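Biologist: Please take a close look at one part of this structure, the packing of its helices, and describe it for a first-year student.

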Amino acid sequence: SMNTKLSFFTVAVIISFHWLIGCSSHHDRLGHDHARQRAGHKHGNSDMLQHYRQHPDDPDWLVHAGEFHGHLGPWVTAGAMIGKHALEQLHTAGQWDVEVVCWMLPERWRQPYSCILDGLQTGTGATMGKRNIRLDYSPEVVKNDRPVVYVIRRPQDDHAQAGFVYHVRDRLSGILAGITPDRLEQISRDIARHPVNELFDIRPMTQEEFALSSRSPQNTDNK
C-alpha cells in the first residue's frame, strides 16, 4: 500500500541520515587524532617533552630508543649506549641470552633516572616482560648517587658466563648536571656522539659481582 511504501521510505531516509552523521563524526575524530600526532603528545606534565622527533643524523640504535621511550632524553640515551656496547663486547645478540641489573639508590627509582631502564631494554633486548632486567639496590654496589649497570651473558653450551660493569664517569655526570628541558634532545644527541668509554668506566665483572647479580632482588619501600 502507499502508506507502507512511505513508511519504508521514511525509515530508509532516517537510517541514511544517521549513517552520514556517523561517518562525518568518524572522519572528524580521525582528523583530530592525526592533528594531535603531528603536533606531538605531551610527556607527563611538561610541555617541553614531546614525542620523539627523528633527526636525519640519528643512528638506528638511538631512533629505536627514542621511539620506544617516547622522547629523547639523556638517561634513555645512556642506557641504550651501555646495551649496544655490552652486546658488542660479549658477542651476543642479547634478548634471552642476557641478564641486566641496574643498581641505584632507592630514592632515585623515579623519572628521569629510571628512564635508563628503557634504554637498557632497547640496547640489550632484555625486557621487563622476559624478567631478565631489573632495578635493584645494594650498598655493596652503589657508592654514590650514580647508577651502576651489570650486563651479563648467560652461560651456554659453547660459552661461559661473562659480563661487564658500567660506572658513570665524571664526564657524563657533568653533562647531566647541565640539562635543561629546552636542551633535552640536543644534549641527548651530544651524549650519543661520545665514545662510550669517555662516559663510563667499564670493566669485566668479578665472581663476587656475578654472585650479587644472582641473588633475590632487594625489596624496599623507599621509592
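Modeller: In this predicted model, helix H3 (residues 74-90) packs against helix H4 (residues 116-124) with their axes 6 Å apart and at an angle of about 30 degrees. Because angles under 35 degrees count as roughly parallel, H3 is described as roughly parallel to H4. The crossing in which H3 passes H4 is right-handed.

On the side of H3, the contact is made by Trp75, Val76, Gly79, Ala80, Ile82, Gly83, Lys84 and Leu87. H4 contributes Ile116, Asp118, Gly119, Leu120, Thr122, Gly123 and Thr124. By character, the residues of this contact comprise seven nonpolar, six polar and two charged.

H3 and H4 also have a part in covering another helix, H2 (residues 60-69). The buried residues of H2 are Trp61, Leu62, Val63, Ala65, Gly66 and His69. What covers them includes H3, H4 and H6. Just after H2 comes Gly70, which takes a positive phi of about 110 degrees.

Helix H6 (residues 184-193), named above as part of that cover, has buried residues of its own. These are Leu184, Glu185, Ile187, Ser188, Arg189, Ile191 and Ala192. Since seven of the ten residues of H6 are buried, this helix is largely enclosed by the rest of the structure.

Conventions
Residues are numbered from 1 along each chain as its sequence is written. This is a predicted model: local features need pLDDT of at least 70, side-chain atom pairs count only at pLDDT 80 or more; totals for chains, interfaces and linings use all residues. Side-chain values use heavy atoms; hydrogens and water are left out. Axes are lines fitted to C-alpha atoms, for helices over the stretch in contact, and angles run from 0 to 180 degrees between N-to-C directions. Helices (H or I, at least four residues) and strands (E, at least two) are DSSP runs, numbered from the N terminus. Angles under 35 degrees count as roughly parallel, over 145 as roughly antiparallel, 65 to 115 as roughly perpendicular and the rest as oblique. A crossing is left-handed if the near helix is turned anticlockwise from the far one by less than a right angle, and right-handed if clockwise. Contact means heavy atoms within 4.5 Å. Ala, Val, Leu, Ile, Met, Phe, Trp, Tyr, Cys and Pro count as nonpolar, Asp, Glu, Lys and Arg as charged, and the others, Gly among them, as polar. Buried means under 20% relative accessible area, exposed over 50%, partly exposed in between (1.4 Å probe, protein chains only).
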